[in-house]
Amino acid sequence: MYLATIFKVCKMLYQLFWFLAACCTFIVNALWLCCNFASVGIPWLMLLLFLVCIGSKFVKLKSPADDVVMSMLSKNEKEHDGTEALFWPIVNRGGAFDAPDNSLVAINQCLAQKCQKILLDLSMTCDGKAIIFHKSTLEKANINEPVYKLQSSFFENFNIAEHHPLGTLFPPEKVLTFEKLLKLLESSEVTVFLLASQINSSMLDIVRETAAKCPIFTKRIIFCCSSPTAIYQLRQHCPDLLCGLWMEKSCFSILPRYLNTSTILLSIVGAIYRNIIAPVIGVSLVFIHKDEFNAQISTLWKNVGVRPIVYTINSPNEKRYFQQVTKTLYLTDSLRSEPQLIFKPKRKQ
């Protein structure tokens, strides 16, 4: 009886040994196969990247001069003792938390508080009319149709203040058209970041024609979108146009943390955008989500001649951090939490 039990135990140990040996053999073979693929593929991949880098030198567009970019961005005030005060941010949709989005009253509120950098949304109706509007305004009104499927006549009587949380404090406000925005720029010193969320051929044609015919466009407007192709097409016909690349928050962040693939993929994608795409299309600015921004990312973008802008920053503590520590321009939804209005900058003794 004992001999039979000992025999069974030895048999089980023997089978376990061969199972572990088979697993080790499989892992070794898999690693050997991966090494073979890597040894064959990596040199060709490096050669391909080398050829792409060389080819990009022949198709790249020259970026606008740095002094031109600074003339549109640096409207900082200085203290009486010569020290630089906290600079004003870029106000998203004219201050979506303070006034109706993309409205004339929101723009006037920003100018009244000496904030001259405003981001507005450019949309296109189905009949080819450009308006300053964002889809979130339709969502607040319980309208599920996208902007590009609606006629321009629909927006003529649309009250954008009606569905805003603070709408009762403002008179009825009509949708601002692209033509009215250009007239407004003629009589003010405001710098408008025009963000196009939906890119199509009609919108590119309007922007291209306006940039060619209207001198104020290239002096007061920075065109922004998430499509490098659209920026490249516009800057081919209008080299003086300042453009900003909008980087959407990466979808890789939804992957499990233990995979550690999000950091690797973000690094690869970021390197491609910084070292290949951005120099080719000649962008001057890049919008980066605050969850994917740090001092190293900022330095890498500045090294290729592109100024980073962080979005969306609404906390006073976050604003003070980006103003005083990282010295980075940011996008905000409200001016009520600005450190300029809450705190006084410290003066040097």
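Begin at the largest cavity of this predicted model, which holds about 50 Å³ of space. Select P100, D101, T137, K140, I160, H163 and H164 to display its lining. By class, these lining residues divide into two nonpolar, three polar and two charged.

The structure holds two cavities of 30 Å³ or more, and the second largest is the next stop. About 30 Å³ of space lies within the second largest cavity. Its lining is shown by selecting G94, G95, D98, A106, Q109, C110, Q113 and L335. Three of these residues are nonpolar, four are polar and one is charged.

**The second largest pocket**

Turn now from the cavities to an open site. The second largest pocket has a volume of about 510 Å³. It is lined by 30 residues, of which R93, D121, H134, K135 and S197 are the closest to its centre. Colour β2 (117–124), α4 (135–140) and β5 (191–196) to see the elements that give two or more residues to this lining. Strand β2 gives the most, with four residues. The lining of the second largest pocket comprises 14 nonpolar, nine polar and seven charged residues.

**R93 and its network**

Keep R93 selected. R93 is found in the loop between β1 (90–92) and α3 (104–112). Its backbone deserves inspection: R93 has a positive phi of about 55 degrees although it is not a glycine. Most residues other than glycine have a negative phi.

Add D101, which also lines the largest cavity. R93 forms a salt bridge with D101, and the closest N and O atoms are 3.8 Å apart. Are these two partners buried or exposed? R93 has a relative accessibility of 16% and therefore counts as buried; D101 is likewise buried, with a relative accessible area of 5%. The cut-off applied here is that buried means under 20% relative accessible area.

Extend the selection to D121 and K140. R93, D101, D121 and K140 are linked in a network of salt bridges. Two members of this network recall earlier stops: D121 is among the residues closest to the centre of the second largest pocket, and K140 is one of those lining the largest cavity.

**Other salt bridges**

Side chains of opposite charge can pair when their charged atoms come close. A search of the whole structure finds ten salt bridges, and two further examples merit a view.

Select D66 and R307, whose side chains meet in a salt bridge with an N to O distance of 2.9 Å. D66 lies in helix α2 (residues 66–73) and R307 in strand β9 (residues 307–311), so the pair ties together parts that are 241 residues apart in sequence. Both ends are partly exposed: D66 has a relative accessibility of 47%, and R307 has one of 29%.

Next, select R220 and E189. Their salt bridge has its closest N and O atoms 2.9 Å apart. This pair links distant parts of the chain, with R220 in helix α8 (residues 215–220) and E189 in the loop between α6 (178–186) and β5, 31 residues apart. R220 counts as buried at 17% relative accessibility, whereas E189 counts as partly exposed at 45%.

**Surface patch and a contact in space**

Move to helix α1 (residues 2–59), where L16 is found. Show V9, L13, L16, F19 and L20 together: these residues make a nonpolar surface patch of about 490 Å². Within the patch, L16 is partly exposed, with a relative accessible area of 46%.

Then go to L266 in helix α10 (residues 261–281). L266 is also partly exposed, with a relative accessible area of 32%. Display E292 with L266 and take the C-alpha to C-alpha distance: the two residues are 8.9 Å apart in space and 26 residues apart in sequence.

**Backbone features to finish**

Where does N142 lie? N142 is found in the loop between α4 and α5 (152–156). Its phi is near 60 degrees, a positive value in a residue other than glycine. Unlike the buried R93, N142 is exposed, with a relative accessible area of 68%.

The last selection is Y311 with T312. The peptide bond from Y311 to T312 is cis, with omega near -20 degrees. Most peptide bonds are trans. T312 is placed in the loop between β9 and α12 (316–324).

Note on methods:
Residues numbered from 1 in each chain as written. Predicted model: local features only at pLDDT ≥ 70, side-chain atom pairs only at ≥ 80, totals over all residues. Heavy atoms only, no water. 1 Å grid on protein atoms, 1.4 Å probe; cavity = no way out; pocket = protein on both sides within 12 Å on 5 of 7 lines; lining within 4 Å. Points joined across faces, edges and corners; volume = space filled by probe spheres on them. Nonpolar A, V, L, I, M, F, W, Y, C, P; charged D, E, K, R; others polar. Patch = residues over 30% accessible without salt bridge, like charges linked within 9 Å, V, L, I, M, F, W, Y side chains within 5 Å. Areas by Shrake-Rupley, 256 points an atom, 1.4 Å probe, with all protein chains shown as cover. Salt bridge = Lys/Arg side-chain N within 4 Å of Asp/Glu carboxyl O. Buried < 20%, exposed > 50% of the residue type's maximum accessible area, 1.4 Å probe, protein only.
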